[in-house]
Amino acid sequence: MNNISSKAKIGNNVDIKSFVTIDDDVEIGNNVYLGPCVYVGNGSRISDNVKIFHDGSIASHPHSTSFKDEISTVEIGEGTLIKEFSTISRATKYSYRTIVGKNCYIMNYVHVAHDNILGDNVVLTNGVGLGGHVTIGSHTTIGGIVGVHQFCKIGEYCMVESNTKVTKDIPPFTLVGRAPQRFIGLNYIGLKRNGFSTETISKIREAYRIIYDPKLNFKDSLKKLTDEMEIKDEIKTIHDFIVSTTRGIIPKI
């Protein structure tokens with residue numbers, strides 16, 4: 001038996017299994033799959049070809065004591081896959097939007113907290129927990145049982161090893177992990193798989209050689225970066241990410 005509001009907007013060819021709840025303020029696109037016992041709460045905006053497997057929870061109230069049931073959303077991009085027992089919280093008045101991009105793969109027991117922004121093609125492996133206000137760039141993969149502190153930012157095309165505790169910002173194109181968290185090198189395999197040329201990867205590697213020069217602090221390394229390299233394309237992405245960080249970037253230990 002299902003509990004589906006007549007006020008919800010539901011597209012064509014939506015496969016709804018048993019014991020699904022869909023609240024009033026919900027919009028669901030075409031060709032969506034909702035497995036048994038899925039909850040789709042007020043504020044859900046689910047695009048075409050999304051699959052949510054059993055016991056998934058979308059747009060439940062955020063874990064925030066300041067939340068007063070204000071109108072806010074969870075927006076899930078086309079083609080995203082959400083596996084069993086994962087939860088995605090509604091936003092607070094901080095931004096009013098929790099956003100999951102297109103073609104993301106969210107595995108079992110993952111928590112995406114309020115006001116998170118996930119880019120396209122993000123992979124969150126089993127047991128990942130994201131604090132509130134976390135931002136993750138497109139094409140980034142986070143390994144199992146990783147916890148990400150609130151307000152952290154993770155750049156695009158990153159790889160975070162399993163069991164890592166993330167408390168600092170992670171700049172783009174990097175491989176991060178171990179205890180304590182640290183910069184290990186480039187996400188070389190991920191870059192190659194996504195079509196980055198050998199020349200481009202070499203430029204990224206040189207940029208991080210400068211940034212993580214043990215003889216320089218980050219302010220001096222950024223100056224050296226701008227003095228020695230052309231700040232465009234991927235190098236500009238790295239530069240701008242580091243300049244904008246408020247929590248500081250992960251160290252190289």
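Two bridges connect strand 19 (residues 129-130) with strand 22 (residues 147-148), and the two run parallel. Within that pairing, Leu130 has Val148 of strand 22 as its bridge partner. Strands here are DSSP runs of E with at least two residues, helices are runs of H or I with at least four residues, and both are numbered from the N terminus. Two strands count as paired if DSSP finds at least two bridges between them.

This is a predicted model, in which local features need pLDDT of at least 70 and side-chain atom pairs count only at pLDDT 80 or more, while totals for chains, interfaces and linings use all residues. Residues are numbered from 1 along each chain as its sequence is written, and side-chain values use heavy atoms, with hydrogens and water left out.

Let us step back to the whole protein. Its secondary structure comes to four helices and 27 strands. The radius of gyration is 20 Å, close to the 18 Å that the globule rule gives for 253 residues, so the protein is as compact as a globular protein of that length. That radius is taken over C-alpha atoms, and the globule rule is 2.2 Å times the number of residues to the power 0.38. Along the principal axes, the C-alpha atoms fill a box of roughly 65 × 40 × 30 Å.

Now to the sheets. Strands 19 and 22 belong to an open sheet of nine strands, ordered 1-4-7-10-13-16-19-22-25, with parallel pairing. Strand 1 (3-4) and strand 25 (165-166) stand at its edges with a single partner strand each, so one side of each is left without a neighbour in the sheet.

Another open sheet has ten strands in the order 3-6-9-12-15-18-21-24-26-27, and its pairing is mixed. At the edges stand strand 3 (15-16) and strand 27 (182-186); each has a single partner strand, so one side of each lacks a neighbour in the sheet. Strand 3 is joined to strand 6 (residues 33-34) by two bridges, in parallel, and Ile16 has Leu34 of strand 6 as its bridge partner.

At the other edge, strand 26 and strand 27 pair in the antiparallel sense over four bridges, with Leu175 opposite Gly185 of strand 27. These two strands form a hairpin with four residues between them, and Arg178 in the turn has a positive phi of about 70 degrees. Helix 2 (residues 198-211) lies across strand 26 (174-177) and strand 27, at about 150 degrees to strand 27.

Finally, the pockets. A pocket is an open set of points on a 1 Å grid over the protein atoms alone, where a 1.4 Å probe fits, with protein on both sides within 12 Å along at least five of seven lines; lining residues have an atom within 4 Å of a point.

| Pocket | Volume | Largest share of lining |
|---|---|---|
| Largest | about 220 Å³ | helix 1 (residues 188-193), three residues |
| Second largest | about 160 Å³ | helix 2, four residues |

Residues lining the largest pocket include Asn121, His139, Tyr157, Cys158 and Arg193. Its lining has five nonpolar, six polar and one charged residues. Among those lining the second largest pocket are Glu199, Lys203, Met229, Asp233 and Ile235. Helix 2 and helix 4 (233-244) are the elements that give two or more residues to that lining. By class, the lining of the second largest pocket has three nonpolar, one polar and six charged residues.

Definitions and conventions. Contact = heavy atoms within 4.5 Å. Axes fitted to C-alpha atoms, helices over the stretch in contact; angles between N-to-C directions. Points joined across faces, edges and corners; volume = space filled by probe spheres on them. Nonpolar A, V, L, I, M, F, W, Y, C, P; charged D, E, K, R; others polar.
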